[in-house]
Amino acid sequence: MGRVLIVTGGSRGIGAATCRLAAGRGYAVCVNYRANRQAAERVAADCRAVGAAAVAVRADVAVEADVVCLFEAADRELGRVTALVNNAGILEPQMRVEDMDAGRLARVFATNITGPFLCCREAVRRMSTRRGGAGGAIVNVSSVAARVGSPGEYVDYAAAKGAVDTLTLGLSKEVAEDGIRVNAVRPGFIYTDIHASGGEPGRVDRVKASVPMRRGGQPEEVAAAILWLLSDEASYATGTFLDLAGGR
Ligand code: NAP
């Protein structure tokens, strides 16, 4: 049976690098995006250029009906999902907790933690041997922020990533007997667009001196770890975390 991968937020950054690497390794790839159709179609075209089946599918992971449609589209276009990367994530402008309102918190939690929960649910329903599936693997994209808390910048985002870590631990144990492995990566400072949405496009270069390796990371360096966790080489790894943070 073919391997079918859904990458949420596959249109840019770490998600796009993951889609391209997966296509080169023989996965059929569903490139999810929320708004940037052009970027998603470009990634899907790159996947097809190396011989992989690939489709770009719009869905806001924070919206339950969208998530259901995303998985149904993958079923229809590529076949039953065998791998999921919960990568879609957002930052809001840097501020202290004392200035955060409920609207911001709702947005940050909806995309960064409700989204991964809903996508895990849909993936488990298809992968679980308990439900007639063939098993599978899930990788959640957390962050070093879950460990350090991101004071003065985005404690809300860091807290959501802490919840992603707990989701990874709990779900990994819940479905271990059902043929599904659930792991996570925790990137550090990676060169992507996400820092601009936090209000500081040059953030990685500002903070890189604080990294033991004295540099920021590239999306491809995170994608390589994600692909390893999805692969059969990681067959005894579940409920585990790989930090890609230059020693931070
Ligand atoms: P990015 O370059 O800003 O890309 C974000 C991606 O997520 C885009 O494809 C975007 O789609 C998509 N997206 C955002 N909200 C979505 C939603 N509600 N539904 C569906 N898709 C959505 O971000 P990135 O830096 O690659 O981040 C990817 C993941 O890595 C995130 O979970 C982030 O928290 C995590 N991370 C990043 C870093 C870092 O330094 N970059 C560090 C630690 C963890 P559109 O193109 O359609 O907008």
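The legends below describe close-up views of the ligand site and of the enclosed cavity in a predicted model.

**View 1. The ligand in its pocket.** The ligand sits in the largest pocket, where 32 residues surround it and Ser11, Ala35, Asn87, Tyr157 and Thr192 come nearest. Helix H1 (13–24), strand S2 (28–33), helix H6 (155–174) and helix H7 (194–197) each contribute at least two residues to the shell around the ligand. Sorted by class, that shell consists of 13 nonpolar, 14 polar and five charged residues.

**View 2. Polar contacts of the ligand.** An oxygen atom of the ligand lies 2.6 Å from a backbone N or O atom of Ala35, a residue that is also among those that come nearest to the ligand. The side chain of Asp60 places an N or O atom 2.8 Å from a nitrogen atom of the ligand, while a backbone N or O atom of Ile194 is found 3.5 Å from an oxygen atom of the ligand. Of the 910 Å² that the ligand exposes when taken alone, the protein buries 97%.

**View 3. The enclosed cavity.** The structure holds one cavity of 30 Å³ or more, and the volume of the largest cavity is about 30 Å³. Its lining is formed by Asn86, Asn87, Ala88, Asn112, Pro116, Val141, Lys161 and Val164, of which four are nonpolar, three polar and one charged. Helix H4 (102–127) and helix H6 each supply at least two residues of this lining; helix H6 likewise supplies at least two residues of the shell around the ligand. Asn87, part of the cavity lining, is also one of the residues that come nearest to the ligand.

Methods: Residues are numbered from 1 along each chain as its sequence is written. This is a predicted model: local features need pLDDT of at least 70, side-chain atom pairs count only at pLDDT 80 or more; totals for chains, interfaces and linings use all residues. Side-chain values use heavy atoms; hydrogens and water are left out. A residue is near a molecule or strand if one of its heavy atoms lies within 4 Å of it. A polar contact is a pair of N or O atoms within 3.5 Å; within protein, one must be able to donate a hydrogen and the other to accept it, and residues adjacent in sequence count only if both atoms are side-chain atoms. Accessible areas come from the Shrake-Rupley method with a 1.4 Å probe; for residues, only the protein chains shown count as cover. On a 1 Å grid over the protein atoms alone, a cavity is a set of points where a 1.4 Å probe fits but cannot get out, and a pocket is an open set with protein on both sides within 12 Å along at least five of seven lines; lining residues have an atom within 4 Å of a point. A molecule sits in a cavity or pocket if more than half of its atoms lie within 2 Å of its grid points. Helices (H or I, at least four residues) and strands (E, at least two) are DSSP runs, numbered from the N terminus. Ala, Val, Leu, Ile, Met, Phe, Trp, Tyr, Cys and Pro count as nonpolar, Asp, Glu, Lys and Arg as charged, and the others, Gly among them, as polar. Grid points are joined across faces, edges and corners, and a volume is the space filled by probe spheres set on the points.
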